[in-house]
Amino acid sequence: MSRDQLVTLAQALRELGGAAPELVPSGAREDSSFSGGRARKISVSMPEDLSAAVQQRVGRGEFSKYVTEAVAQRLESDLLAELVGLLDEEHGEVPEDLVAEAEGAWPDVE
């Protein structure tokens, strides 16, 4: 999902009454994105075996990019789950027959 799609999703969450996060920090350029633009150095802690496995997989100099992409995917997933919850609250759950119909239209999707 692109940064613009995430921003649109966050705006939709706000309009539905959800507490969507700000996706552009104050002071950041509007044209920055999750995969480029301005970066801020932060410190995170993670288990040594996990950080070693990432480093081995991505090689020198790509650790931050790998972690950034993982965090962006998690944010996207969290926002989509929040949107689904809000839509379920407002409109009720999707009926099983419609779910089955949608699954039949895309049989290769898990």
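The following paragraphs describe the helical architecture, a salt bridge and a charged surface patch of a predicted model.

The secondary structure of the protein consists of four helices and zero strands, and the order of elements along the sequence is α-α-α-α. Of the 110 residues, 14% count as buried.

Helix α3 spans residues 63-91 and comprises 29 residues. The distance from its first C-alpha to its last is 42 Å, close to the 42 Å expected at 1.5 Å a residue. The buried residues of α3 are three leucines, Leu79, Leu83 and Leu86, together with the acidic residue Glu76. Just after α3, glycine 92 adopts a positive phi of about 85°.

Helix α3 also contains the residues of a salt bridge, formed between the side chains of arginine 74 and aspartate 78 with an N to O distance of 3.0 Å. Side chains of opposite charge can pair when their charged atoms come close. Arginine 74 and aspartate 78 are separated by about one helical turn, because they lie four residues apart in α3. An α-helix has 3.6 residues a turn, so residues three or four places apart point the same way. The two partners fall into separate accessibility classes: arginine 74 counts as exposed because its relative accessibility is 56%, over the 50% cut-off, whereas aspartate 78, with a relative accessible area of 37%, is partly exposed. The count for the model comes to one salt bridge.

A patch of negative charge lies on the surface, where Glu93, Glu96, Asp97, Glu101 and Glu103 gather. Among these residues, glutamate 103 is located in helix α4, which covers residues 96-105. The relative accessibility of glutamate 103 is 55%, so this residue counts as exposed.

Definitions and conventions. Residues numbered from 1 in each chain as written. Predicted model: local features only at pLDDT ≥ 70, side-chain atom pairs only at ≥ 80, totals over all residues. Heavy atoms only, no water. Patch = residues over 30% accessible without salt bridge, like charges linked within 9 Å, V, L, I, M, F, W, Y side chains within 5 Å. Areas by Shrake-Rupley, 256 points an atom, 1.4 Å probe, with all protein chains shown as cover. Salt bridge = Lys/Arg side-chain N within 4 Å of Asp/Glu carboxyl O. Lys, Arg positive; Asp, Glu negative; His and termini not counted. Charge placed at Lys NZ, Arg CZ, Asp CG, Glu CD. Helix = DSSP H or I, 4+ residues; strand = E, 2+ residues; numbered from the N terminus. Buried < 20%, exposed > 50% of the residue type's maximum accessible area, 1.4 Å probe, protein only. Expected span 1.5 Å × (residues − 1).
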